[in-house]
Amino acid sequence: MSQNALSRWRVRCDLGWVLPRVVFVAGTVFLVFWCSHPLSRADLDLTLTVYFVCSAVLLLRQFFWERRGVYAAPRDWRLPITAGLLSLAGAGLLLAWWRFGRGEASLFTGAALLVLGLGWFVEYWRDSRDATASLTVGGLVLLMFSGGVLIAAVLVPPSVLRSAWGIVSLAVAVFAAVPVGLNVVSERVLRWMRSLRDEGRVDRRAVVLRRGWPVVLVGVVGYLVWLWYRDAMVGVCLVAGVVVLLLFLVSNTSGDLVIVAAVFCILAAAPPQQPIPAALQSVAGSRVLVAMGDSYMSGEGAQAYYADTNQAGGDQCRRAPTAYAARAVTEQRRFDDLLFLACSGARTVNIVTQDGQNPVPQPGEQGTQLDLLKGRFPNLSASRPSLVIVSVGGNDAGFALLGETCIAPGNCDTQRALFESNLPSVQADLEHTYAALKNALPGVPILAVPYPQPLATRPDCPGVALTGSERDFAHAFVHELDQSVQAAAADAGIYYLADMENALARGHLQLCDGRVSDAGVNFIGLKSVDGFASQRYNPANWLHNSLHPNARGHQVMLDVFDDWLNQHAQLLDAAQPGQPAGVAAGSPNPAATTASAPVCDMNGSHSSTLPSCQSQLGLWQLQQVQNLRVWLLVLLGCLAVVWLACIAVLDSARGLGRRGARPSSGDKT
């Protein structure tokens with residue numbers, strides 16, 4: 001090749017390396033910045049389309065060079081200088097955010113630029129022709145470091161693992177050392193296999209890799225099909241994502257960054273909001289429904305919430321238009337107006353002020369729910385609600401913590417005593433709450449609503465990662481909690497909606513009653529929050545929709561509520577001053593739960609001398625993960641086999657493209 005032709009070829013190679021990456025960086029910054037703002041579904045689709053187009057330009061170009069066996073990256077000072085400038089820009093934005101504490105866009109834009117810049121350094125390291133030894137040594141050092149951290153993670157006490165140093169070490173090992181180590185070691189193995197092919201030598205290990213990858217591929221596909229058949233769609237997405245990430249780590253592309261950035265932004269994109277309809281704002285009609293309580297009343301579990309009710313660090317009541325109380329007003333017109341006070345996370349102390357304590361309003365709320373109700377109805381002799389419905393007690397009983405414990409490894413049935421010992425105090429708090437509501441609202445009918453059973457009692461339950469004993473425990477605990485609600489309602493002399501416990505069963509919408517995607521309650525519900533980007537991009541804020549009824553569930557709950565209203569049609573008449581409220585005829589008064597001392601402090605309402613239930617269960621969950629050390633080794637072995645298969649796939653693709661390949665930009669002739 002002539003010198004002029006070689007120069008032109010080098011220019012084309014340099015442009016082929018630089019331009020796609022510039023487009024990719026711009027697309028990544030655009031995606032992160034745009035997803036930091038509330039998006040409609042159309043906006044999110046457009047944003048992701050633009051991002052994937054930008055990413056495809058880069059990936060297709062890189063795969064083209066990989067298949068031809070050509071390395072188009074410039075190997076002179078331009079690449080490290082460009083990567084260094086990009087990394088410095090990202091670090092500068094992060095430092096500015098840390099120093100001044102402002103600019104959410106600078107936080108995640110800086111993080112994106114820093115990761116991309118460091119990724120380019122790794123690419124340069126891999127492409128360097130003289131880096132064969134450093135690839136081996138550097139990759140092994142990184143993998144040995146991460147392996148040591150992971151081994152220590154399953155041997156040290158859980159309290160050490162939960163410390164700041166333990167969390168940081170584990171994060172560095174998993175998210176930095178492992179990806180970079182696999183990346184550079186993969187390049188070393190690929191160079192070894194390429195040298196064998198170029199020299200015409202035969203090595204048994206290389207032959208096993210090249211002939212064995214179809215078997216691994218069939219095994220992975222078969223496992224994915226089995227997971228799909230078992231309705232484990234979360235597992236399907238996880239396994240498929242890991243395989244694709246390994247494939248991109250093996251190739252010298254930015255495909256892993258594309259996937260991680262896109263998935264991260266899809267999950268953390270600000271969810272859509274809906275304006276609050278007029279019927280939920282005026283509270284001026286003759287028939288006013290008041291909805292009080294927690295997330296099962298507010299509608300958490302929905303795809304969208306009313307504006308300004310899903311703000312991380314602020315109002316997180318998550319009042320949804322699909323909640324059955326809202327639909328009773330906006331769709332069925334059973335009532336003229338709705339005073340929507342229910343708030344996710346509410347406990348009895350957030351409903352009424354406990355004796356001798358100060359009011360405990362929830363974040364974003366101006367007072368307890370009873371205080372807010374009194375503010376809307378200051379003179380009950382002039383106007384009053386037609387009906388007050390209350391769903392509370394689940395957060396006092398630690399129901400969310402129970403769900404988290406059962407989803408984690410280990411058998412949560414072994415922690416039964418911790419939760420059940422708390423139920424007597426929950427019933428006492430409910431009795432005080434119902435009595436306070438009745439005294440504050442004389443003549444207003446009050447309806448206590450129990451919790452619907454989320455799990456069907458079946459021997460097999462595909463798609464739900466709970467053992468039979470765990471499902472039995474969860475089912476029994478919900479029933480005992482509902483019994484406590486019923487006993488407290490009967491003691492206070494208010495109505496009790498007994499049929500609500502079997503609402504999901506009535507509609508055949510319980511988990512284990514069919515496919516998880518068709519159930520009326522979310523098992524794993526991924527949905528972010530509004531607010532600052534640092535809060536929305538926090539994975540801890542993505543799971544609040546889990547184990548809550550969705551729109552289908554609230555529809556059958558509305559049907560049960562509607563049947564009860566048909567049986568008590570007189571309650572829809574405007575309440576008159578002095579009209580007594582009563583308990584539905586025949587309402588049973590179950591025996592009080594056997595009194596026992598709480599094992600731990602479930603939610604801060606008991607003596608401070610008791611240990612925290614959340615802390616105890618967190619240590620227990622970590623211990624269960626450590627107990628799986630043998631299975632973790634098996635999992636690591638399976639991942640190693642898949643990684644080697646990915647190397648063989650890429651080597652085969654390079655081998656197919658060797659014929660007719662042009663010389664690389666580093667060739668001298």
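Which residues does Val290 touch, not counting residues up to four places away in sequence? In this predicted model, the list runs to Leu339, Leu341, Leu373, Phe377, Pro385, Leu387, Val388 and Ile389. Val290 is a good place to start. It belongs to the largest nonpolar core, where Val290 is among the residues with the most contacts.

That core has 63 residues. Val290 shares its rank with Met292, Leu373, Val388, Phe419 and Tyr434. Two of these, Leu373 and Val388, are also on the contact list of Val290. Helix α18 gives the core its largest share, nine residues. A second core stands separate from it and has 29 residues. Among its members are Ala323, Ala328, Ile389 and Leu565. Ile389 therefore deserves a second look: Ile389 counts among the buried residues of the second core, yet Val290 touches Ile389. Cores are joined through side-chain atoms, whereas a contact takes in heavy atoms. In general terms, nonpolar side chains in soluble globular proteins tend to be buried together.

Now step back to the whole chain. The secondary structure comes to 23 helices and seven strands. The chain has 669 residues, and 47% of them count as buried. Contacts reach far along the sequence. Among those between residues at least 6 apart, 78% join residues at least 24 apart. The chain exposes about 30,500 Å². Carbon and sulfur atoms supply 64% of that area.

Next come the cysteines. A disulfide is a covalent bond between the sulfur atoms of two cysteines. The model counts four disulfides. How are the bonded cysteines paired when numbered in sequence order? The pattern is 1-2, 3-4, 5-6, 7-8.

Take Cys317 and Cys343. Their sulfur atoms lie 2.0 Å apart. The torsion about the S-S bond is about -80°, so this disulfide is left-handed. The pair links distant parts of the chain, 26 residues apart. Cys317 sits in the loop between β3 (305–306) and α12 (324–330). Cys343 sits in the loop between β4 (337–340) and α13 (348–351). Is Cys317 buried or exposed? Cys317 has a relative accessible area of 0%, so Cys317 is buried. Cys343 comes to 2% and is buried because the cut-off is under 20%.

Glu365 brings a charged side chain into this picture through its contact with Cys317. Glu365 lies in the loop between α13 and α14 (369–376). Its other contacts are Asp315, Arg319 and Leu372, not counting residues up to four places away in sequence. Glu365 has 14% relative accessibility and therefore counts as buried.

The link between Cys406 and Cys412 has its sulfur atoms 2.1 Å apart. Here the angle about the S-S bond is 85°, and the link is right-handed. Cys406 is buried at 4% relative accessibility. Cys412 is buried too, with a relative accessible area of 1%.

Cys461 and Cys512 form another disulfide, with sulfur atoms 1.8 Å apart. The torsion is about -80°, so the disulfide is left-handed. This pair also links distant parts of the chain, 51 residues apart. Cys461 is in the loop between β6 (446–448) and α18 (468–492). Cys512 is in the loop between α19 (503–506) and α20 (533–536). Both cysteines are buried.

Two further cysteines can be compared by exposure. Cys638 has a relative accessible area of 44%, so Cys638 is partly exposed. Cys646 has 7% and is therefore buried.

Finally, turn to the surface. Which residues form a nonpolar patch there? They are Val625, Leu628, Val630, Trp631, Leu632, Leu633, Val634, Leu635, Leu636 and Leu639. Together they have about 920 Å² of accessible area. Helix α23 (residues 629–656) supplies the largest share, eight residues. Val625 lies in helix α22 (residues 613–626). Its relative accessible area is 36%, so Val625 is partly exposed.

How values were computed:
Residues are numbered from 1 along each chain as its sequence is written. This is a predicted model: local features need pLDDT of at least 70, side-chain atom pairs count only at pLDDT 80 or more; totals for chains, interfaces and linings use all residues. Side-chain values use heavy atoms; hydrogens and water are left out. A disulfide is a pair of cysteine sulfur atoms within 2.5 Å. Helices (H or I, at least four residues) and strands (E, at least two) are DSSP runs, numbered from the N terminus. Buried means under 20% relative accessible area, exposed over 50%, partly exposed in between (1.4 Å probe, protein chains only). Patches are made of residues with over 30% relative accessible area and no salt bridge: like charges are joined within 9 Å, nonpolar side chains (Val, Leu, Ile, Met, Phe, Trp, Tyr) within 5 Å. Accessible areas come from the Shrake-Rupley method with a 1.4 Å probe; for residues, only the protein chains shown count as cover. A salt bridge is a side-chain nitrogen of Lys or Arg within 4 Å of a carboxyl oxygen of Asp or Glu. A nonpolar core is a set of buried Ala, Val, Leu, Ile, Met, Phe, Trp, Tyr and Cys residues joined through side-chain atoms within 4.5 Å. Contact means heavy atoms within 4.5 Å.
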